[in-house]
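Dear colleague,

Please find below the sequence and the structure that I am handing over to you. My notes on it follow directly after.

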Amino acid sequence: MDAILAQLLNGLDKGGAYALIALGLTLVFGTLGVVNFAHGALFMLGAFCAVTFRQLITLETVVLDPEQLSPWGAPLEIRTPLAQSWFGDFGAVLVDYSVPLSILLAIPVMLLIGIAMERGIIKHFYKRPHAEQILVTFGLAIVLQEIVKAVFGPNPWSQPIPSSVRGAFDVGSLIGLAPGALTYPLWRLIYFLFSIGVIGAVFAFLRFTTFGMVVRAGMADRETVGILGINIDRRFTIMFGIAAVVAGLAGVMYTPLLPPTYSQGMDFLVLSFVVVVVGGMGSLPGAVTAGFLLGILQSFASMNEIKQIIPGIDQIIIYLIAVVILLVRPRGLMGRRGMMES
Amino acid sequence: MDIFRMPRRDLIVFVIFAAVVLAMPVWLQPLGAAYPALMQKLVISAVFAIGFNILFGLTGYLSFGHAAFLGVGSYTAVWSFKLFTMDAIPAIIFAVLVSGLFALAIGYLSLRRSGIYFSILTLAFAQMCYNLAYSVLTPITNGETSLQLTLRDPRLIDTALAPRPAGLPSAGLFGNELNGLEGFYFCAVVLLIAFFITQKIFSSPFGMMLRAIKSNQTRMNYTGFNTRPYTLTAFVISGMYAGLAGALFAITDPLAGTERMQWTASGEVVLMTILGGVGTLVGPVLGAWLIEYFENIFSAFNENVVHRFFSFLPAEIVDPVTAVASKFVGEGWHLTLGLLFVLVVVFLPGGIMEGVRRIGGLFNRRSPPTSSGAVRVQPAE
C-alpha cells in the first residue's frame with residue numbers, strides 16, 4: 001500500500017509538468033488551430049530564464065586583497081555578490097530563492113517571446129495545412145534550441161532548491177501512517193501544487209473574465225465572433241503568449257528537479273504531444289487529466305515489481321497507452337467531435 | 001525486357017541521374033567532398049529520402065517514425081554479418097525483409113488514423129522501438145555500446161568456406177571487399193536500382209492511386225476504393241527503403257547503434273524531403289545531398305576559417321562578424337539547418353524543385369504558370 005501511494009506521489013510532479021505543457025499546446029491548438037512543435041522549446045526557454053536570473057543575481061565583484069594571502073601565496077580574492085553588497089542579508093535570501101523568483105523574469109520574457117513568435121511566423125500559417133505547421137514550428141524549435149546551445153553551452157545547469165524547502169515532507173503522517181513511512185521531497189510537492197495553481201488560474205481566467213469568455217467564444221466559432229466586431233486575432237495572439245508563459249513557468253519550476261539542457265524541450269515535447277493526443281485534441285480538461293494520468297502511470301511502470309513481470313515496460317508505457325487509446329478511442333479521452341479529423 | 005520499357009522522358013531522367021551519381025567522385029572533387037566516407041553517406045541518405053518520399057510525397061501521410069526502420073535494417077544487417085556471412089547481398093535481403101515486416105505491423109495499426117494522429121502514432125511506435133533497443137533488448141542490440149562485429153562471431157557460411165581471417169573482416173561482395181571507393185560504387189548501384197523502382201512506382205497506376213488518395217481520400221472512398229491496402233503498401237515499401245538504407249550504413253561500417261533510431265533521425269529525413277521538394281522524384285535526393293554535404297562541410301569550419309573568410313572587411317568589424325558567423329558553423333551547424341528549414345517552409349513550400357521550376361518559369365514565359373505542377377504538402381485526409 002505504501003509503495004503504491006509513494007509511486008502515486010512520484011508521478012504527480014512529472015504529471016504536473018506534462019499537464020502544463022499539454023495545456024499550453026491545447027490552448028494554442030484550440031485558439032489558433034496551429035500544431036505547435038516549438039512548444040517544448042518554450043518549456044526549455046522558461047528553464048533557461050531561471051538560469052539567466054541566477055546568473056544575473058549571482059554577479060560578483062572580485063576584489064584582490066594584497067594584505068591577505070591565499071594558501072598558494074597569491075593575493076586573496078574576496079568575492080561579494082552584487083545582490084549582497086546592495087541589499088545585505090536580503091540579497092543572500094534573494095540568491096537562495098532564485099528559482100521561484102525567476103518566475104518574475106520568466107513571465108514578461110515568455111509573454112514577449114510568445115507574442116513575437118506568433119506575430120512573426122505562426123500568423124502566416126493559419127491557413128496552411130497542418131503538415132506545414134508542424135514543419136515550420138519544428139524548424140523553429142531547432143533554431144531556439146541551437147541559440148540556447150550557442151549561448152549557454154551544451155552542459156546542464158543545475159539549479160539549487162531554496163534551502164528552506166530542501167527537505168522531505170512526511171505525507172504519511174497526514175493520512176495516519178507511521179511517521180517516516182511515506183515521505184516525499186518538498187520541492188516535488190511544491191511543483192505539484194504549483195502546477196495545480198497555474199492550471200486553476202488558466203481555467204479561471206477563461207471561465208470568469210470577459211476576455212476569457214470572448215476567447216472561448218472564438219474557439220467555438222471564430223467567424224461569428226469576428227463578425228460581431230471583436231478583434232479575435234489580437235486576443236488569440238495574447239492567448240499564444242499565455243500558453244508560452246504557462247510552458248515557461250513549468251520550465252522554471254522544474255529546473256531543480258532536472259538541470260536544464262538545451263535539448264530537454266524536445267524530450268518533453270514528444271511526450272506532451274502524446275499527452276495531448278491521449279487527452280483528446282482541443283480539450284483542455286482532457287490535456288490536464290491525461291498529463292497527470294500518464295505521469296502517474298509512468299511512475300507505476302517503473303516499480304520493480306511491475307518491471308519483473310513485463311521487462312522494459314517503464315520505457316514504453318506512455319507510447320503504449322497512446323497507441324491503445326488512439327486505436328480504441330480515436331478522439332482521445334475527451335476529444336471533441338470533428339477536431340483534426342478532417 | 002518489358003519492365004525496362006519506360007517513357008522517353010523518364011529514361012532521360014534516369015540516364016542523367018545515373019551519370020550524376022556515378023560521376024560523383026569527379027564533380028565532388030572541386031567541392032572538396034570526394035572522399036569515400038562522405039560519398040557513401042550522400043548516396044545512402046538519398047536512398048532513405050526517396051523511400052520516405054514514396055509515403056509522404058505520394059500519399060501525404062507524414063510519418064515521424066521512419067528512423068525505426070532504418071535502425072531495424074542496420075541491426076538485421078549486422079546480425080546477418082555476425083551469424084552467416086560478411087557478404088552484402090544476404091544482409092540487404094534480410095534487412096529489407098525484416099524492416100518490411102516491421103513496417104507492415106506498424107503501418108497496419110498506424111494507418112487506421114490519418115493527419116496528425118498518424119504522425120503521433122508512428123512517432124510513438126518509433127520511440128517504443130528506440131527505448132526498447134536501448135534497454136530491454138540489449139542482448140540483441142547491445143544497447144548503448146552499439147552492435148559490433150567480434151572475433152568470436154560464428155559467421156557460419158564464411159567459416160565453412162574459408163579459414164577465419166586474423167582480424168575483423170569487413171563487408172564484401174562475392175569475396176571482394178567493399179571498402180572506400182568500391183563501397184561507394186556498390187551503394188551507388190543500389191541507389192540507382194532504388195531510383196529506378198521509384199520511377200516505376202511514380203508512373204504506375206499504383207502511384208496514380210496514391211496521388212489520388214493524397215488529393216482527396218474521402219472521394220476515393222466514395223467511389224468504392226478501399227484505400228487502406230494502397231496506403232499500407234506504400235508504407236511497407238517506404239519502410240523497406242529505410243531498411244535498405246540501414247543495411248547500406250551497416251555495410252559501409254559494420255556497426256549499428258541506437259542513435260540511428262532516435263526521432264531526430266526521423267526528423268532529418270523529413271527535412272531532406274521537404275528541402276528538396278515533396279512528391280518529386282529528384283527532390284528528396286537533392287535535399288539529402290545538400291543537408292549531408294553542408295553538415296559535413298559546415299561542421300568542419302572553425303573560427304579561424306571564418307576569420308579568414310571575412311578578412312576583406314574593415315579591421316574593426318572583422319571580430320564581431322566572425323564571432324556571430326562562427327555561431328552558425330562548426331558545432332552550431334544545426335542552427336543554420338533550422339533557419340534554412342524555416343525559410344524553406346515559409347517561402348518555398350515546394351522545396352528546391354519548386355524554386356527550379358519558378359526560375360524556369362521566368363525564362364520560359366510561354367509555359368503555363370508553375371502552380372499546376374507545384375507540389376503542396378497536404379496532410380492525408
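**Helix α6 of chain B and the contact between the chains**

In this predicted model, helix α6 of chain B (residues 115-134) has 20 residues, which at 1.5 Å a residue should span 28 Å; the end C-alpha atoms are 29 Å apart, in agreement with that expectation. Of these 20 residues, 19 are buried, so α6(B) is largely enclosed by the rest of the structure.

The contact between the two chains draws on 38 residues from chain B and 35 residues from chain A. On the side of chain B that touches chain A, α6, α13 (263-276) and α17 (333-347) of chain B each supply at least two residues. The largest share of that side comes from α6(B), which gives 13 residues. Sorted by class, the side of chain B that touches chain A consists of 24 nonpolar, 10 polar and 4 charged residues.

**The nonpolar core**

The largest nonpolar core holds 211 residues, and the members that touch the most others are A:Leu23, A:Val274, A:Ala322, B:Val43, B:Val47, B:Tyr241 and B:Leu244. Two of these residues, A:Val274 and A:Leu23, are described here in further detail.

A:Val274 lies in helix α12 of chain A (residues 264-279). Is A:Val274 buried or exposed? A:Val274 is buried, because 26 other C-beta atoms lie within 10 Å, and the cut-off for a buried residue is 20 or more. Leaving aside residues up to four places away in sequence, A:Val274 touches A:Ile318, A:Tyr319 and A:Ala322, as well as B:Ile120 and B:Ala124 of chain B. The C-alpha atoms of A:Val274 and A:Ile321 are separated by 9.1 Å, and the two residues are 47 residues apart along the chain.

With residues up to four places away in sequence again not counted, A:Leu23 touches A:Ile199, A:Val202, A:Val246, A:Leu284, A:Ala287 and A:Val288.

**Helices of chain A**

Helix α6 of chain A (residues 130-152) has 23 residues, for which 1.5 Å a residue gives an expected span of 33 Å; the end C-alpha atoms are 32 Å apart, which agrees. This helix is mostly covered, with 18 of its 23 residues buried. After α6(A) comes A:Gly153, which has a positive phi near 80 degrees.

Helix α11 of chain A (residues 232-254) also has 23 residues, and the distance from its first C-alpha to its last is 33 Å, close to the 33 Å expected at 1.5 Å a residue. α11(A) is mostly covered, as 19 of its 23 residues are buried.

A:Cys49 belongs to helix α2 of chain A (residues 39-57). A:Cys49 counts as buried because it has 25 C-beta neighbours inside 10 Å. Residues up to four places away in sequence aside, A:Cys49 touches A:Ser102, A:Leu105, A:Ala106, A:Val109, A:Gly248 and A:Val252. Between A:Cys49 and A:Gly91 there are 19 Å in space, C-alpha to C-alpha, and the pair is 42 residues apart in sequence.

A:Ala220 is placed in helix α9 of chain A (residues 210-220). A:Ala220 is exposed, because 11 other C-beta atoms lie within 10 Å, and the exposed class takes 12 or fewer. From A:Ala220 to A:Met253 the C-alpha distance is 33 Å, with their positions 33 residues apart in sequence.

**A helix crossing and a partly exposed residue in chain B**

Two packed helices are described by the angle between their axes and the distance between the axes. The axes of α13(B) and helix α14 of chain B (residues 283-300) come within 7 Å and cross at roughly 115 degrees, and this crossing is right-handed. On the α13(B) side, the contact is made by B:Leu271, B:Met272, B:Thr273, B:Leu275 and B:Gly276, while the α14(B) residues include B:Gly283, B:Pro284, B:Val285 and B:Leu286. The residues of this contact between α13(B) and α14(B) comprise 9 nonpolar, 4 polar and no charged.

B:Leu104 is located in helix α5 of chain B (residues 88-110). With 15 other C-beta atoms within 10 Å, B:Leu104 is partly exposed. The C-alpha atoms of B:Leu104 and B:Val236 are separated by 5.6 Å, although the two are 132 residues apart along the chain.

With kind regards

How values were computed. Residues are numbered from 1 along each chain as its sequence is written. Chains are lettered from A and ligands numbered from 1 in the order in which they are written. This is a predicted model: local features need pLDDT of at least 70, side-chain atom pairs count only at pLDDT 80 or more; totals for chains, interfaces and linings use all residues. Helices (H or I, at least four residues) and strands (E, at least two) are DSSP runs, numbered from the N terminus. The expected span of a helix is 1.5 Å times one less than its number of residues. A nonpolar core is a set of buried Ala, Val, Leu, Ile, Met, Phe, Trp, Tyr and Cys residues joined through C-beta atoms within 7 Å. Two residues are in contact if their C-beta atoms, placed from the backbone, lie within 7 Å. Ala, Val, Leu, Ile, Met, Phe, Trp, Tyr, Cys and Pro count as nonpolar, Asp, Glu, Lys and Arg as charged, and the others, Gly among them, as polar. Axes are lines fitted to C-alpha atoms, for helices over the stretch in contact, and angles run from 0 to 180 degrees between N-to-C directions. A crossing is left-handed if the near helix is turned anticlockwise from the far one by less than a right angle, and right-handed if clockwise.
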